[in-house]
Amino acid sequence: SRRAGVETYYDVGQVIDGRYRVDSVLAFGGMGAVLRGTHLVLGQPVAIKVMLDATMRDPMMRERVFREARILAQVRSPAIASIFDAGLLPDGTIYIVMELLAGEELEGAIVRGTLTLPQTTRLLAQVCEGLADAHGQGVVHRDLKPANIFIVKKANGDTAAKLIDFGISKRVG
């Protein structure tokens with residue numbers, strides 16, 4: 001269902017900032033929503049995180065979100081979800097365009113109890129690799145939890161872990 005006052009960002013077919021078409025709503029969160037979209041020029045599927053919380057109208061909060069986006073856009077790791085773009089819409093709404101991931105949060109798999117010990121071991125090793133890559137590039141996640149680890153389903157049936165939501169990350173050094 002839609003949240004009051006933010007419906008305009010969920011219309012299928014709507015174009016965001018002239019570059020991204022909204023294809024569907026993937027999830028709602030505490031601060032906004034994640035939309036499935038398509039980059040109109042490249043034809044690539046993307047995830048669009050739209051920051052809808054009223055606190056995002058505060059210039060300091062906006063700068064914090066853009067700082068996160070800049071930091072994460074510079075971090076390179078196969079175990080960290082990539083950020084491609086970020087912007088500010090005319091009404092002050094922040095959006096971040098990210099790699100579209102197919103799968104689920106680790107939290108859901110834990111609740112259902114569907115992971116085997118070998119799968120869990122492999123995924124945790126990948127999480128550690130992603131954290132090591134981030135730390136090696138001077139970034140600390142600061143909010144590591146099962147909801148911020150995404151289990152990606154690969155085309156060959158394998159799974160891989162991706163770290164997401166660097167919302168309170170910090171650059172060190």
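**Exercise 1. Place helix H1 against the sheet.**
Task: In this predicted model, state which strands H1 lies across and how H1 runs relative to S5.

Solution.
Step 1. Helix H1 covers residues 59-74. H1 lies across S4, S5 and S6.
Step 2. Taking S5 as the reference, H1 runs at about 160° to that strand.

**Exercise 2. Work out the strand order.**
Task: Give the order of the strands in the open sheet and name the edge strands.

Solution.
Step 1. The open sheet has 6 strands, in the order S1-S2-S3-S4-S6-S5, with antiparallel pairing.
Step 2. Strand S1 (15-16) and strand S5 (83-88) are the edges, since each pairs on one side only.
Step 3. In general, the strands of a sheet pair through backbone hydrogen bonds, either parallel or antiparallel.
Step 4. At the S5 edge, S5 and S6 are joined by 5 bridges in the antiparallel sense. Within this pairing, Gly-87 has Tyr-95 of S6 as its bridge partner.

**Exercise 3. Follow strand S4 and its two partners.**
Task: Find which residues stand opposite Ala-47 in S3 and in S6, and state how many residues of S4 are buried.

Solution.
Step 1. Strand S3 spans residues 32-39 and pairs with S4 over 7 bridges, antiparallel. Here Ala-47 of S4 is the bridge partner of Arg-36.
Step 2. The S3-S4 hairpin has 5 residues between its strands, and Gly-43 in this hairpin takes a positive phi near 75°.
Step 3. Strand S6, residues 94-99, pairs with S4 over 6 bridges, again antiparallel. Opposite Ala-47 in S6 stands Met-98.
Step 4. S4, residues 45-51, is mostly covered, with 6 of its 7 residues buried.

**Exercise 4. Describe the nonpolar cores.**
Task: Name the residues with the most contacts inside the largest nonpolar core, list the elements that each supply at least two of its residues, and describe another core.

Solution.
Step 1. The largest nonpolar core has 26 residues, and Ile-80 and Leu-163 have the most contacts inside it.
Step 2. At least two residues of this core come from each of S4, H1, S6, helix H2 (106-112), helix H3 (117-136), strand S9 (149-153) and strand S10 (159-163).
Step 3. H1 gives the most to this core, namely 5 residues.
Step 4. Leaving aside neighbours within four places in sequence, the contacts of Leu-163 include Ile-80, Val-127, Leu-131, Leu-144 and Ile-149.
Step 5. Another core, of 12 residues, lies apart from the largest one; Ile-16, Val-22, Val-46 and Leu-89 are among its members.

Note on methods:
Residues are numbered from 1 along each chain as its sequence is written. This is a predicted model: local features need pLDDT of at least 70, side-chain atom pairs count only at pLDDT 80 or more; totals for chains, interfaces and linings use all residues. Side-chain values use heavy atoms; hydrogens and water are left out. Buried means under 20% relative accessible area, exposed over 50%, partly exposed in between (1.4 Å probe, protein chains only). Helices (H or I, at least four residues) and strands (E, at least two) are DSSP runs, numbered from the N terminus. Two strands pair if DSSP finds at least two bridges between them. A nonpolar core is a set of buried Ala, Val, Leu, Ile, Met, Phe, Trp, Tyr and Cys residues joined through side-chain atoms within 4.5 Å. Contact means heavy atoms within 4.5 Å. Axes are lines fitted to C-alpha atoms, for helices over the stretch in contact, and angles run from 0 to 180 degrees between N-to-C directions.
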